[in-house]
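Open the model in your viewer and show side chains as sticks. The stops below can be followed in order, one selection at a time.

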Amino acid sequence: MNAPEKPMPPSPSASEYILDNFKPTDRISVLVLNRQLGETTQRITTAQKASSPEFQAWLRYKNANGADIYVGMNPLQHHASTRTKDDIEKISHVYLDLDHGGIASLEALENSDLVPRPNYVLNTSPEKFQVVWKVEGMTIEEAESLNQAMVREFDGDPAATDSTRVLRLPGYTNKKYATDFYVQAFTESTLTYQLRDFKLQIDSQDAPRHHHEEVGRKQSASSSALSQSEHDWAYAKRALARGDDPEEVIRRIADYRAGDKHDPAYYARHTVEKALKELRSGRADLQSCDKDINHAGEPCHEQ
């Protein structure tokens, strides 16, 4: 007689997810992003308040009216009013955004002995996942180097390695596509990990993520004092040079800068336009987009 299959634990609600990942007194960032209206609202509050019925009712209202809901994964200092590295109180999570490769990338991760079992896997859209580990005892530099190492190993999104990154909050719908997608989190572990539990090589931040990531690495490695805007521009050049769709690059940069730009979509499009012009004037091998983004702001081809 076959043993019955072990039932999957229910996906936690947004409130349960917040309180499981943070202490009630932790100050966290909740980001509300309405791309259609070009509105970005960031609320920095305690985990207890963010999980309250009143706060969750406000998020449900915003989500129903077209906004995507995100949460910063590392607690902020008690005096913080912004979400920068200087504001981070401690590292409590590392993470990986599997933006392409989907199920195959997730299976490779879960079958690997290089990383421990994640605490949560979020299904954020069809065949796209965000993977979260609870950690302790890591510096910001160690956490970001580990995030980058996991991107290289499992073909993740390189824009999702910063310690101030916001991830999807489960229990709300993803509004980025024509059809809404309900974001769910699945619990895989209740442990809290340390750096030694990850077996990846993280001591070189300049190691190539993949062979196609080598294009343009020298530009970004030439200076350690680049501004964030310069990093965004260098990232756009690398992504475009390896053939990424310009609209996807715009989306990644806009998501990454959603919390600190008044109009992240405009900023991201301007950055990618600048990178495209630079590549067109200096390289003949850029074949991913042969029309550029036109002056009306339309994509060079339909997605």
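**Salt bridges**

Start by selecting Asp20 and Lys134, whose side chains meet in a salt bridge with an N to O distance of 3.1 Å. Bear in mind throughout that this is a predicted model. Asp20 belongs to helix H1 and Lys134 to strand E6 (residues 128-134), so this pair ties together parts that are 114 residues apart in sequence. Asp20 is partly exposed, at 37% relative accessibility, whereas Lys134 is buried, at 12%.

Next, select Arg35 and Asp68. Their side chains also meet in a salt bridge, at 2.5 Å from N to O. Arg35 is in the loop between strand E1 (27-34) and strand E2 (39-46), and Asp68 is in strand E3 (residues 68-72), so the pair connects parts 33 residues apart in sequence. Which of the two partners is buried, Arg35 or Asp68? Arg35 is partly exposed, with a relative accessible area of 31%; Asp68 is buried, with 1%.

Move on to Lys85 and Asp162, a salt bridge of 3.7 Å from N to O. Here the pair ties together parts that are 77 residues apart in sequence, because Lys85 lies in the loop between E3 and strand E4 (93-98) and Asp162 in the loop between H5 and E7. Lys85 counts as partly exposed at 36% relative accessibility, and Asp162 is buried at 8%.

Now add Arg168 to a selection of Arg35 and Asp68: salt bridges that share partners join these residues into one network. How many salt bridges does a search of the whole structure find? The search finds 10.

**Ser163**

Keep Lys85 displayed and select Ser163, which sits in the loop between helix H5 (140-154) and strand E7 (166-168). Ser163 counts as buried, with 4% relative accessibility; the cut-off for buried is under 20%. Leaving aside residues up to four places away in sequence, Ser163 touches Asn74, Lys85, Ile88, Ile91, Tyr95, Ile140 and Glu144. Lys85 is thus both a contact of Ser163 and the salt-bridge partner of Asp162.

**Aromatic pairs**

The structure holds 4 aromatic pairs. Select Tyr17 and Tyr120, an edge-to-face pair with 4.9 Å centre to centre and 65 degrees between the planes. Tyr17 is in helix H1 (residues 14-21) and Tyr120 in strand E5 (residues 120-125), so this pair links parts 103 residues apart in sequence. Tyr17 is buried, with a relative accessible area of 1%, and Tyr120 is buried as well, with 3%.

Then go to Phe55 and Trp58. Their ring centres are 5.5 Å apart and their planes stand at 65 degrees, so the pair is edge-to-face; the angle cut-off for that class is over 60 degrees. Phe55 and Trp58 are 3 residues apart in helix H3 (residues 53-64), a separation of about one helical turn. Phe55 counts as buried, at 7% relative accessibility.

For the next selection take Trp133, Tyr193 and Phe198, which ring pairs link into a cluster.

**Charges over rings**

Return to Trp58 and add Arg43: the charged end of Arg43 sits over the Trp58 ring, 4.3 Å from its centre. Trp58 therefore has Phe55 as its edge-to-face ring partner and the charged end of Arg43 over its ring.

Finish with Lys274 and Trp233. The charged end of Lys274 sits over the ring of Trp233, 5.1 Å from the ring centre.

Note on methods:
Residues numbered from 1 in each chain as written. Predicted model: local features only at pLDDT ≥ 70, side-chain atom pairs only at ≥ 80, totals over all residues. Heavy atoms only, no water. Helix = DSSP H or I, 4+ residues; strand = E, 2+ residues; numbered from the N terminus. Buried < 20%, exposed > 50% of the residue type's maximum accessible area, 1.4 Å probe, protein only. Contact = heavy atoms within 4.5 Å. Phe/Tyr/Trp six-rings, centres within 6.5 Å; stacked < 30°, edge-to-face > 60°. Lys NZ or Arg CZ within 6 Å of the ring centre and 35° of its normal. Salt bridge = Lys/Arg side-chain N within 4 Å of Asp/Glu carboxyl O.
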